[in-house]
Amino acid sequence: MASNSQVITCKGVVCWGGGEPVRLEEIQVDPPNATEIRVKMLCSSICHTDIKRIRGSPLVKYPLAVGHEGVGVVESVGEEVKNLKGGDVVIPTFIGECKECENCISGKTNLCLTYPVTYNGLMRDNTSRMSCKGKKLHHIFSCSTWSEYMVVDANYALKVDPSIDLAHASFISCGFSTGYGAAWKEAKVESGSSVAVFGLGAVGLGAVSGAKMMGATKIIGIDKNDMKREKGEIFGMTHFINPGGSDMPPSKLVKELSDGRIGVDYSFECTGISHLINESLQATKVGTGKTIVIGAPTEPIEPFGFGSILQGKTLKGSVFGGLKANSDLSIIADKCQKREFPLEELYTHEVQLADIHQAFELLKQPNCVKVVIKI
């Protein structure tokens, strides 16, 4: 039996259908099953993936208990959970790491076969621990963080130092870490190399930070918002491009900043804007250029010039920046604890859970990077 077998009634944010406004509802959260933990959420934040799922793209099942970034404290544990206990502070993750499956031991990918990314919005046994008005609620991935309580499988949670800054812990649960990991683990950026980062939100700033850590000497940030220039420079950006002020495509603007207009060594597409995948690819060097796609598009992928691929360039997708849920994220959490990243620069706005609707308006502000939800 779980250490607390009672159903908890609390507040949670629910979306009842694609494109509908979210609602703060009274929800029921069941006790955890054998391998699960029930978490009292302390702090959450908004990722653009949340917004895309609310709008119905892609692979969404409703009603949806929203949110996947956050940090909380374990309230109760299932009988088979050995590595966590009540009172532990945890960051939920949307991938697991068994350290034993073919993928985990290969060193080639972070996508565990035992604890994969889940897209059906349910627990591992295809049931739900959350309900509202008699209907089961679905997750975006493995959990729902815009709720006072939620349940997650213990294999999708990382224990962190209880003194960690809660907002910063929320940032590294997905967005920032995804970008940082893409430069660190997915691209393996080399010292002295050149990098282009398309989109300077939390993910893009993470990619800038990761590229700087890896020793890149030229880091070009591309964003239509001039207010992102200062943020990018704080995280390590060396050059800034606002493509809105030019008739040339972003790829050519990047090449103008590259020696001999040959392009950059590495490019990171962090926006989810389909045509920028092609621009990111074209911005890289012939023969050796590598493009990592991080942003998930909401519209169909536009055709891109196959000439770029045939010129020996690499286009690679990435989930969670290639980070392993425990081995790698724990390193980032330690760096976060030691304040090795200027994560306070991401913390531009905050709302209370009851004022969740304000968060979507704040995201439209040009100076907004991350909206923190205080729970």
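This passage walks through the cores, cysteines, cavities, pocket and unusual backbone spots of a predicted model.

We can start with the packing. The largest nonpolar core has 75 residues, and the members that touch the most others are Val66, Trp146, Phe268 and Leu346. Helix α5, residues 202-213, gives this core its largest share, six residues. A second core of 31 residues is separate from it, and its members include Val29, Cys101, Tyr156 and Ala157.

Phenylalanine 268 is a handy place to look at the larger core in detail. Setting aside neighbours within four places in sequence, Phe268 is in contact with Ala182, Ala183, Ala187, Val189, Val195, Ala196, Val197, Phe198, Ala207, Ile292 and Ile294. Two of these partners, Ala182 and Ala183, are also among the buried residues of helix α4.

Helix α4 spans residues 175-186 and is mostly covered, with eleven of its twelve residues buried. The buried set is made up of Gly175, Phe176, Ser177, Thr178, Gly179, Tyr180, Gly181, Ala182, Ala183, Trp184 and Glu186. After α4 comes lysine 188, where phi turns positive, near 55°. Lys188 sits in the loop that runs from α4 to β11, the latter being residues 194-198.

Lys188 has a counterpart further along the chain. Phenylalanine 320 is another residue other than glycine with a positive phi, again near 55°. Phe320 belongs to the loop between β16 and α10, with α10 covering residues 329-337. With a relative accessibility of 3%, Phe320 counts as buried, because the cut-off for that label is under 20%. For context, most residues other than glycine have a negative phi, and most peptide bonds are trans. The second half of that statement has its own exception here: tyrosine 62 and proline 63 are joined by a cis peptide bond, with omega at about -5°. Pro63 is placed in the loop between α1 (48-54) and β4 (64-65).

Next, the cysteines. A disulfide is a covalent bond between the sulfur atoms of two cysteines. Searching the whole structure turns up zero of them. Cysteine 104 is in no disulfide, and the nearest cysteine sulfur, in cysteine 101, lies 3.7 Å away. For cysteine 112, the closest cysteine sulfur is that of cysteine 98, also at 3.7 Å; that is too far for a bond, because the pair would have to be within 2.5 Å. Both Cys104 and Cys112 are buried, with relative accessible areas of 9% for Cys104 and 3% for Cys112.

As for empty space inside the model, two cavities of 30 Å³ or more are found in the whole structure. The largest holds about 60 Å³. Its lining consists of Thr118, Leu122, Met123, Arg124, Ser142, Val152, Asp153 and Tyr156, which by class comes to four nonpolar, two polar and two charged residues. Tyr156 is thus a lining residue here as well as a member of the second core. The second largest cavity has about 30 Å³. Arg53, Leu59, Val60, Lys61, Leu64, His139 and Ile140 form its lining, and these split into four nonpolar, one polar and two charged.

On the open side, the second largest pocket has a volume of about 270 Å³. It is lined by 16 residues, and those closest to its centre are Lys108, Thr109, Asn110, Lys185 and Gly322. Helix α4 comes up again at this pocket: both α4 and strand β16 (314-317) supply at least two residues each of the lining. The class make-up is two nonpolar, six polar and eight charged residues.

Finally, histidine 349 is worth a look. This residue is found in strand β17, residues 347-352. His349 counts as buried, because its relative accessibility is 15% and the limit is under 20%. Apart from neighbours within four places in sequence, the contacts of His349 are Leu362, Asn367, Cys368, Lys370, Val371 and Val372.

Note on methods. Residues are numbered from 1 along each chain as its sequence is written. This is a predicted model: local features need pLDDT of at least 70, side-chain atom pairs count only at pLDDT 80 or more; totals for chains, interfaces and linings use all residues. Side-chain values use heavy atoms; hydrogens and water are left out. Helices (H or I, at least four residues) and strands (E, at least two) are DSSP runs, numbered from the N terminus. Buried means under 20% relative accessible area, exposed over 50%, partly exposed in between (1.4 Å probe, protein chains only). Contact means heavy atoms within 4.5 Å. A nonpolar core is a set of buried Ala, Val, Leu, Ile, Met, Phe, Trp, Tyr and Cys residues joined through side-chain atoms within 4.5 Å. On a 1 Å grid over the protein atoms alone, a cavity is a set of points where a 1.4 Å probe fits but cannot get out, and a pocket is an open set with protein on both sides within 12 Å along at least five of seven lines; lining residues have an atom within 4 Å of a point. Grid points are joined across faces, edges and corners, and a volume is the space filled by probe spheres set on the points. Ala, Val, Leu, Ile, Met, Phe, Trp, Tyr, Cys and Pro count as nonpolar, Asp, Glu, Lys and Arg as charged, and the others, Gly among them, as polar.
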